[in-house]
Structure formats: C-alpha cells, structure tokens
Amino acid sequence: NTNKVPVELVVNGQVVEKKEVVADGSVADIEFETKLERSSWVALRIFPACHTNPVFVEVDKQPIRASQRSAQWCIDAVDQCWKQKAPRIRDSEKQAAEDAYAVARKAYEKILKESFDDRAK
C-alpha cells in the first residue's frame, strides 16, 4: 500500500543501515550516517530487486580485509578440498599439489591475522 522501498547500506556483506525512499522513478539523493572504521567494500541494495556494484573504500591506507570468520571459512574450504582431492592425485604429482594447497592456506592465514575479530558473534 505504499511506494516506499527500503534502501540498505551493505558493508562487507552486512546490512549496517537502512532508509526508505519513494520509488516513483525519479532520481533521489540518499545519505547514511555509518562511519567506516576499517577499509571496506560498500554497496546499496533494494532487496531482492537490485544491488549496486561495490565501491572500495580505503581507511588509513589499510587493505580491505574480510572478517576472521570469513577468512577461517576459506582456510577450512582449502583443507576440505585437499582432503577430497589428495587421494586422487598421482603420487608423482602429490608433493607439488600439496605445496600449492599450502600456499593457498598460508595466504588465507595471513588474511586471518589481518582481519577483524567477529568470531564471538
């Protein structure tokens, strides 16, 4: 019964703020109050209809980093993939493959150390 739609501010995949706008086909300005504490990607969306491309915002010249939960998920995925693939790799290629997986794991472990702690949530 209304032509208002919620516009969500999405930061690193999480909705952090929401405002309503009138969906009448005209261009409208919108402002949010959220202050970024760390480098992040930011987007707007009207769920489930549309989503902007991300805008990458750098804070204090720091890289954009995922949360520790996200980085840990990537480490676990590398480990699971290795567990599933390793038995099917030729013995002559296994060490090179294991080394490649170790490089991936090490990269995600570095990201984990650089990421903010959201694991208690």
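Where is Asn12 found? Asn12 sits in the loop between E1 and E2, and it is one stop on this short tour of a predicted model.

**View 1. Asn12 in the loop between E1 and E2.** Asn12 makes a good starting point if you like to check backbone torsions. Its phi is near 50°, a positive value in a residue other than glycine. For background, most residues other than glycine have a negative phi. Asn12 is partly exposed, because its relative accessible area of 21% falls between the 20% limit for buried and the 50% limit for exposed. Asn12 is also in contact with Ser39, a residue that returns in View 4.

**View 2. The largest nonpolar core and the place of Val7 in it.** Six residues make up this core: Val7, Leu9, Val11, Val21, Phe32 and Val42. Which strand gives the most to the core? Strand E1, residues 4-11, does so with three residues. Zooming in on Val7, and setting aside residues up to four places away in sequence, you will find that Val7 touches Glu17, Lys18, Lys19, Val21, Ile30, Phe32, Leu44, Arg45 and Ile46. Two of the names in that list, Val21 and Phe32, are also members of the core.

**View 3. Strand E3 and its pairing with E1, E5 and E4.** Strand E3 covers residues 40-46 and runs antiparallel to E1, with four bridges joining the two. In this pairing, Leu9 stands opposite Leu44 of E3. E3 is also joined to strand E5 (residues 55-57) by three bridges, again in an antiparallel arrangement, and here Ser40 faces Val57 of E5 as its opposite residue. Strand E4 (residues 50-51) is linked to E3 by two bridges, and these strands run antiparallel as well. Arg45 stands opposite His51 of E4. Together E3 and E4 form a hairpin, with three residues between them. The loop between E3 and E4 holds Pro48, and the peptide bond that joins Phe47 to Pro48 is cis, with omega about 0°. As a reminder, most peptide bonds are trans, so this spot is worth a look.

**View 4. Ser39 and its polar contacts with Val59 and Gln62.** Ser39 lies in the loop between strand E2 (14-22) and E3. Is Ser39 buried or exposed? Ser39 is buried, because its relative accessible area is 2%, under the 20% limit. Two backbone atoms are within reach of its side chain: the nitrogen of Val59 at 2.7 Å, and the oxygen of Gln62, which lies 2.5 Å from a polar atom of the Ser39 side chain. Leaving aside neighbours within four places in sequence, the contacts of Ser39 are Asn12, Val57, Glu58, Val59, Gln62, Pro63, Ile64 and Arg65.

**View 5. Asp60 in the loop between E5 and helix H1.** Like the residue in View 1, Asp60 invites a torsion check: it has a positive phi of about 55° although it is not a glycine. Asp60 is exposed, because its relative accessible area of 65% is over 50%.

**View 6. The packing of helices H1 and H2.** H1 and helix H2 (residues 91-114) pack at an angle of about 170°, and their axes are 8 Å apart. That makes H1 roughly antiparallel to H2. Among the H1 residues that meet H2 are Ala71, Cys74, Ile75, Val78 and Trp82, while the H2 side includes Ala97, Tyr101, Ala104, Tyr108 and Leu112.

**View 7. Two glutamines of H1, Gln68 and Gln84.** Gln68 has its place in helix H1 and is buried, with a relative accessible area of 10%. How far apart are Gln68 and Glu109 in space? Their C-alpha atoms are 9.6 Å apart, though 41 residues separate them in sequence. A polar atom of the Gln68 side chain lies 3.5 Å from the backbone oxygen of Leu112. Not counting residues up to four places away in sequence, Gln68 touches Leu112, Ser115, Phe116, Asp117, Asp118 and Arg119. Gln84 also has its place in H1, but this residue is partly exposed, with a relative accessible area of 39%. The C-alpha atoms of Gln84 and Glu37 are separated by 39 Å, and the two residues are 47 residues apart along the chain.

Conventions
Residues numbered from 1 in each chain as written. Predicted model: local features only at pLDDT ≥ 70, side-chain atom pairs only at ≥ 80, totals over all residues. Heavy atoms only, no water. Core = buried A, V, L, I, M, F, W, Y, C linked by side-chain atoms within 4.5 Å. Buried < 20%, exposed > 50% of the residue type's maximum accessible area, 1.4 Å probe, protein only. Contact = heavy atoms within 4.5 Å. Pairing = 2+ DSSP bridges. Polar contact = N/O pair within 3.5 Å; in protein donor to acceptor, adjacent residues only side chain to side chain. Axes fitted to C-alpha atoms, helices over the stretch in contact; angles between N-to-C directions. Parallel < 35°, antiparallel > 145°, perpendicular 65-115°, else oblique.
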